Amino acid sequence: DGHWQAVTGREPIGLIEIWDISKPTPKLAKEVSFPAQNFSNVMMLSRDGRRLMTDSTGANLKLESRLFLWDVDWSADGGPAVTPFGEPIAATHGALSADGQRLVARRPGETVRVLDLTQSPPRVEFETKDWEPFAFSPDGNWLATNQSSSVKLYQRTAETWTQRFQLVSAQGKLNTMTFSPDGRTLVVGDASGCVHVWDVSA
């Protein structure tokens, strides 16, 4: 609802802060500690605000990078209650679906995996030899991934994900991508500083 923001950073290591940003002066609402190996690069709340993802990634490449998942209860007394969800997942990059029920993640040298978080342990729903960045559409039915400076779009079916389109960009490495809130537009940023805006409503 735009009233809350979760942040993390280099110092102190292993601390999540949740801020109430609904007023002109933001207020710290909650601090949560987690067993970080190193500073965190990634922080993401699912669009419904009920699941939080953070990572433990740093300059020391000997340490295994992991993604941590959390359930968030905004109705709890004394500020949001944040509790661990499942076991850490070995990966350096990840993105949550809008409802927090799926995670797309990748570790260097391995495939991109879509995990069904409703299963325990999470079930691998789909694998592809693409890489980050990646993003789910707001309705959770589309997945955008990166391959050789192009964007591949997969549609979720009953059993798996099927590639439907490939959007070609000649501007170099892709750094980030996101869908618009209505899911009709995909915005992609590349290493050259260009932003590509795709109409994916058809």
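Let's start in the sheet: Trp-142 has Gln-155, in strand S15, as its bridge partner. This is a predicted model, where local features need pLDDT of at least 70, side-chain atom pairs count only at pLDDT 80 or more, and totals for chains, interfaces and linings use all residues. Residues are numbered from 1 along each chain as its sequence is written, and side-chain values use heavy atoms, with hydrogens and water left out.

Now for the strands around that pair. Strands here are DSSP runs of E with at least two residues, numbered from the N terminus, and two of them pair if DSSP finds at least two bridges between them. Strand S14 (residues 142-147) runs antiparallel to S15, with six bridges between the two. In the hairpin that they form, two residues sit between the strands, and Ser-148 takes a positive phi near 50°. On to strand S16 (residues 161-168), which is antiparallel to S15 and joined to it by seven bridges. One pairing to look for there is Tyr-154 with Gln-163 in S16. The hairpin from S15 to S16 goes through four residues. S15 itself (residues 150-156) is mostly covered, with five of its seven residues buried; buried means under 20% relative accessible area, exposed over 50%, and partly exposed in between, using a 1.4 Å probe and protein chains only.

Next, have a look at Asp-130, in the loop between strand S12 (123-128) and S13. Asp-130 counts as buried because its relative accessibility is 1%. Its side chain makes a polar contact of 2.7 Å with the side chain of Thr-145, and another of 3.4 Å with the side chain of Lys-152. (A polar contact is a pair of N or O atoms within 3.5 Å; within protein, one must be able to donate a hydrogen and the other to accept it, and residues adjacent in sequence count only if both atoms are side-chain atoms.) Setting aside neighbours within four places in sequence, the residues in contact with Asp-130 (heavy atoms within 4.5 Å) include Arg-106, Asn-146 and Tyr-154.

Move into strand S13 and you find Glu-132. Glu-132 is buried because its relative accessible area is 19%. The side chains of Glu-132 and Arg-106 make a polar contact at 3.0 Å. Not counting residues up to four places away in sequence, Glu-132 touches His-93, Arg-106 and Asn-146.

S13 also takes us to the largest pocket, since it gives the most to that lining, with six residues. A pocket, found on a 1 Å grid over the protein atoms alone, is an open set of points where a 1.4 Å probe fits, with protein on both sides within 12 Å along at least five of seven lines; lining residues have an atom within 4 Å of a point. The largest pocket has a volume (the space filled by probe spheres set on the points) of about 480 Å³. Its lining has 25 residues, with Met-44, Gly-94, Ala-95, Phe-134 and Met-177 nearest the centre.

The second largest pocket comes to about 310 Å³. Of its 15 lining residues, Trp-4, Gln-5, Leu-45, Ser-46 and Gly-49 lie nearest the centre. Strand S1 (4-7) gives the most to this lining, with four residues.
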